[in-house]
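Here is a walk through a structure for someone who hasn't met it before. Have a look at it, and then we'll go through it piece by piece.

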Amino acid sequence: MNQFAMAFTQDKLEEAWHVLLTEFPLGLWETVYVTVLSTLFAIVIGLPLGILLVTGDEKGIRPLPRALMKTVNVVINFLRSVPFLILIVMVIPLTRAIVGTSIGSVASIVPLVVAAFPFVARLVESSLRELDPNIIEMAQSMGSSTWQIITRVMLPESVPSLVTNFTLAITTILGYTAMSGAMGGGGLGKIAINYGYSRYKYAVLYLAVIVLVLLVQVFQTIGTRLAARLDKRIKK
Amino acid sequence: MPASGMFLIKHKGGDNMIELRNLSKRFMTADGPVEALNNVNLTVNDGDIYGIIGMSGAGKSTLVRCINMLERPTEGSVLLDGRDLGGLSKKEMQSVRREVTMIFQSFNLLMQSTCLQNIMFPLKLARVPKAEAEARAKELLNTVGLPDKANVYPAQLSGGQQQRIAIARALATRPRVLLCDEATSALDPKTTQSILELIRQINRDTGITVIVITHQMSVVQEICNRVAILEHGAVVEEGDVSQVFSRPKAKATRALVFPDMTEGQMSSGYGQLVRLIFEGSVTTNKPLIASMAMDCGIAANILGASTRTVGKREYGYMLIEIPGGPDELAKALKYIGRAENVTVQVEAEYGGREVSE
């Protein structure tokens, strides 16, 4: 019997089942709240940034100095291109400054947000750019201020697209939590790495993966349905 | 001469509502500057339904966007009821845009808002209290004939219905000028008719000044009392619809009025091209060309003919070729000139000159 098959013998499966009952509930909870909180913070920073990227553009409704826009773009691209594993280490001082420690679930939120907000900003940017420019022109022709165009036209009109993209963000961040779990964070990622990688308990690893996959399915389904329900362009 | 202004829908004394003075607009493109508008001068009276017609690329859209300053003119000025819009601050401009509203070819409704919310949109921008805005929006739903669509989303409406909602939205702030940018170009002929009828009715009821941008001759004929023909960014002809269409002077106008009769193509090259315009059905009944052949011995070659109804008047239009030299031409012109209600134009590009009645 090879090593792989040996990982799924009766007693190994029983042990995995035991871990599922004892450690998974907390791990699942940690993963969910870290994912949700990280996504929320990433949106809080990324949404205004994404709006800025669109409105401050040369052809946007309120062009900003080119140097500023260039800087913002470079910073976003930089953060997006640093591998997450490296980023976790890079932001350790920031994590310590904010949370007080760099270990644990709460601490893992910091690198997750730093990694996710530029991603969210780009998603928001692409959502807002989908909007028909004629609609913006209409709003201008009716005497909208820049702020009114953003709050009363751009955002409300982009809601379905934003929800779809935020769903993409949350599922991606969920994947990242597994990585931060391996780097001192909590959650299912930590369980999968600790048991599966460090102690060769593959059954536990696979169980953790299955739960993560299910979690992605849940987030994705909720997001897709919500976007469809919110979209008034679909004839019902 | 027909009485000028005989097709005026509503005339409130002739105050200048919109005045464009020496308006020019240049766009900087990769291939250098493009002159979109070239020294345009226009006056639109209060209560007019003013048509601005031209082929695509003539500068119509730029012109209409200069009127509400969505495009800043490079030179010249736009006067709204005597007030120069060029020097206004951003805030002032926003309030002017509640007086000069716009409807579009693609309707541009907020697809994620109900019809009622769409109509309330400009009122919300103007910070009108919600109850008041809602009452006004409901009133406008009645005006445009869609009282039962308040809570329906635009996606559930037909094109014509969407344009009606857009019209209601444009009227919400009780503007003095309504700009229609190819408002019926995306609609079928029947729906176009009903939308034009609605615009005419609103003009009649409220006295609102309407500026209609279109490439469709039929739209201008249907509702406008005055018209300007735009070509390559310049106004080539301007005046009362009846007059401009009955005696089209500029080539661009003729191409628009009688698109199927382009000059030059059909000529045999042996004679002089002459254009005849018959006014009213009485003259179109007389066999003028046949009798000229018998009386003068000039066998004119008919290159094309058609009739048009402008307003309620019929116009016949004929392009003929007079064979022979200047003597025959003079003879023919003299003969035709005796007929009543016929305007004769000798084609300029064949060395001719314009001859009036």
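**Two domains, then the rest**

Let's start inside chain B, where 6 residues of domain 1 are in contact with 8 residues of domain 2. On the domain 1 side, helix H8 (residues 241-246) of chain B gives the largest share, 4 residues. That same side of domain 1 splits into 2 nonpolar, 3 polar and 1 charged residue. Keep in mind that what you're looking at is a predicted model.

Where do the domains of chain B run? Domain 1 covers 16-247, and domain 2 covers 258-350. Their C-alpha centres sit 38 Å apart.

Now for a sheet in chain B. Its 6 strands form an open sheet with mixed pairing, in the order E6-E7-E8-E3-E9-E10. At the edges you'll find strand E6 (100-103) and strand E10 (234-240) of chain B, each of which pairs on one side only. On average, neighbouring strands here are turned by 20° against each other, if you ignore direction. As for what holds such an arrangement together, strands of a sheet pair through backbone hydrogen bonds, either parallel or antiparallel.

Zoom in on one pair: strand E9 (residues 226-231) of chain B joins E10(B) in the antiparallel sense, over 6 bridges. If you want a landmark there, find B:Ile229, which stands opposite B:Glu237 in E10(B).

Which helix lies across this part of chain B? That's helix H1 (residues 60-67) of chain B, lying across strand E3 (49-53), E6, strand E7 (177-181), strand E8 (209-214) and E9 of chain B. Helix H1 of chain B runs at about 155° to E8(B).

Next, try a pair of helices. The axes of helix H3 (residues 115-125) and helix H4 (residues 130-143) of chain B come within 9 Å and cross at roughly 125°, so H3(B) and H4(B) are oblique to each other. Their crossing is right-handed. From H3(B), the residues that meet H4(B) include B:Leu116, B:Ile119 and B:Leu123, while H4(B) offers, among them, B:Ala133, B:Ala137 and B:Leu140. Sort the residues of this contact by type and you get 9 nonpolar, no polar and 3 charged.

Finally, step back to see both chains. How many residues of chain A are in contact with chain B? There are 19, and they touch 22 residues of chain B. Helix H8 (133-141) and helix H9 (146-182) of chain A each supply at least two residues of chain A's side. That side is a mix: 6 nonpolar, 7 polar and 6 charged residues.

Technical notes
Residues are numbered from 1 along each chain as its sequence is written. Chains are lettered from A and ligands numbered from 1 in the order in which they are written. This is a predicted model: local features need pLDDT of at least 70, side-chain atom pairs count only at pLDDT 80 or more; totals for chains, interfaces and linings use all residues. Two residues are in contact if their C-beta atoms, placed from the backbone, lie within 7 Å. Ala, Val, Leu, Ile, Met, Phe, Trp, Tyr, Cys and Pro count as nonpolar, Asp, Glu, Lys and Arg as charged, and the others, Gly among them, as polar. Two strands pair if DSSP finds at least two bridges between them. Axes are lines fitted to C-alpha atoms, for helices over the stretch in contact, and angles run from 0 to 180 degrees between N-to-C directions. Angles under 35 degrees count as roughly parallel, over 145 as roughly antiparallel, 65 to 115 as roughly perpendicular and the rest as oblique. A crossing is left-handed if the near helix is turned anticlockwise from the far one by less than a right angle, and right-handed if clockwise. Domain bounds come from an automatic or database domain assignment.
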